[in-house]
Structures are given as C-alpha cells and as structure tokens.
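Trainee: I am new to this structure. Please take me through the ligand and what surrounds it.

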Amino acid sequence: MRPPESKIKSHIRQFYEQRYRGESGGARGLGGKPLAVELGYPPELIDSIPGETWEDFFPCGYVLSALDPKGGDRVLNLGCGAGVDSLLVKICARVEFQVVNLDTAFSALVKAKRAARSVSSGRGFEFICADGGSIPFEPGSFEWVILNGVFNLFPQKEELIEELHRVLKPGGIVAGADLCRKGILPGYFAEEPDAWAWCMSGAVTGEELTRAFQARGFTHLGMAAENMDEFFDRAVFTFRKNGFS
Ligand SMILES: C[S@@+](CC[C@H](N)C(=O)[O-])C[C@H]1O[C@@H](n2cnc3c(N)ncnc32)[C@H](O)[C@@H]1O
C-alpha cells in the first residue's frame, strides 16, 4: 500500500539531504559524470566544469538543448540539487540572465552555491530552500523552468503543475526529464520509500504526463523517450504555458 503523501515527501527530503552530505555510502555511484555521459550531455560541456561538481548529479535526461534564455530572463531550476544544470546553462549562454536554484535539501544548495562561485563568482545565481509545491515567488516570475528528475517526486502532480503554471510568464517553458512508466508497476514500487526517491514509484506514462500539463493550460512542445529497462523509459519533455508574453 502507498504510504501517505507527507511520509513520502519527508522521506525524499531526508534521502537527498543525506546524499548531498555524503552520508549515503556507495549509492552516489548511481549519478555523476558517468550518468551525464549516458544521458547524452555533450563532452565539451562535461569538461567545462570541475570534476568534483559532478559527484552529486542525479539527472534523468539532457534538458538543456530546449533552453534558450534571452538577456534579462529568469530561469528556475526546481529541485536543482548540486546545481549542475544551472552552471551548464550559464556556461552556454552569451547573455546575462538570472538562475534561481531551488531545492528542499539545504545541503544541496550549499553545494550549488560553492559550484556557482567556482565558475562565475556566483554572479547571476540565487539559492532558495523551499518546497516546489509552494514556490516563494510572485506569479509570472520566470521565463523558464528546469525540472530534471523532480516531477516524479511529487505524489500529487497537479499541485506541482499548478505552481509551475503560476510562476511562469505566459509563453514560458518547462524543460524537464524524468522516468515514465511503460505500464502498471508491481505493487512493491509504491511501498518502497527509496523507489519514490529514485523517481520510480511516482512515475506516470508519457501520455498521462502530457495530458496533465495540457489540462492546466500548457502546449506540448516535445517528448523524447528512450528505453531504460522493462518498467521505465527515460523521457525528456517540454511544455509551453499558453498565452503570449
Ligand atoms: C533526482 S534529484 C535531481 C537533482 C538535480 N535536478 C540534478 O539533475 O542533479 C531530485 C532533487 O529534487 C529535490 N527535491 C525533492 N523533492 C522536492 C520538492 N518537493 N521541492 C523541491 N525540491 C525537491 C531533491 O532534494 C533533489 O535535489
């Protein structure tokens, strides 16, 4: 049986706090540079930031090709972790814009801040410890949201999508990646707290994900799915909030 939502969320918060503090033993090996290579992060980008910055990287896909911030834009990296995607999007850009790193795990933000200082003296970055279900920003604050390995951590998808819709400007874009389930998952997934934290138990199908965004007023721009194993695909997706800015 699925645990109550509050228990799932508090387990996920603790799980990542421990990981970013280095208290989780060998499980770190599940992410990092090898995963970035596997997911198709371009080699020149991989080499553009210090090696140790990759240690706490837990993405589900390469979402950055969908991002094209203009001067003065604001990008929210929701569930930023150690902030690797935030660094990379800055490194690729030729214009000045702001990246807000938001995560529930305080220890992730400590790492993200240190990494940001190492590549750009921290200029153009903000760091916020908050729950993505209640983003502490005014409506229409962002042109872009990065959501890499975070969608499935929300037992209530509508709550998250509502917040994304609220904080994006009309025409703003969500660039995300996560696991999508291929069919009905065996019951043990829902019961296993760590399977929630690894983005498995909260997975929906690609069609369900698309329908949920469309139902809240987003246009589907694209979804690319790759086979991961018998239960899951890895999907990279983009949605645009309807309306013009
Ligand atoms: C799978 S990791 C991905 C981290 C990062 N996006 C990356 O690619 O390395 C999930 C991240 O989401 C954060 N997170 C989990 N639940 C969250 C929530 N409700 N609000 C904000 N961040 C959350 C975790 O602390 C963790 O850093």
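Trainee: Which element gives the most to the shell around the ligand?

Mentor: Helix H1 does, with four residues. A word on the basis. This is a predicted model, where local features need pLDDT of at least 70, side-chain atom pairs count only at pLDDT 80 or more, and totals for chains, interfaces and linings use all residues. Residues are numbered from 1 along each chain as its sequence is written, and side-chain values use heavy atoms, with hydrogens and water left out.

Now the shell. It holds 22 residues, each with a heavy atom within 4 Å of the ligand. The closest are Tyr20, Phe58, Gly79, Asp103 and Gly132. By type, 13 are nonpolar, six polar and three charged; Gly counts as polar here, and Tyr as nonpolar.

Next, the polar contacts (pairs of N or O atoms within 3.5 Å). A backbone N or O atom of Phe58 lies 2.8 Å from a ligand oxygen. For Gly79, a backbone N or O atom is 2.7 Å from a ligand nitrogen. A polar backbone atom of Asn148 is 2.8 Å from a nitrogen atom of the ligand.

How much is covered? Alone, the ligand exposes 590 Å², and the protein buries 97% of that (Shrake-Rupley method, 1.4 Å probe). The ligand sits in the largest cavity. A cavity is a set of points, on a 1 Å grid over the protein atoms alone, where a 1.4 Å probe fits but cannot get out. To sit there, more than half of the ligand's atoms must lie within 2 Å of its grid points.

Back to the elements. Those giving two or more residues to the shell are helix H1 (5–20) and strand E2 (98–103). Both are DSSP runs: helices (H or I) need at least four residues, strands (E) at least two, numbered from the N terminus.

How values were computed. A polar contact is a pair of N or O atoms within 3.5 Å; within protein, one must be able to donate a hydrogen and the other to accept it, and residues adjacent in sequence count only if both atoms are side-chain atoms. On a 1 Å grid over the protein atoms alone, a cavity is a set of points where a 1.4 Å probe fits but cannot get out, and a pocket is an open set with protein on both sides within 12 Å along at least five of seven lines; lining residues have an atom within 4 Å of a point.
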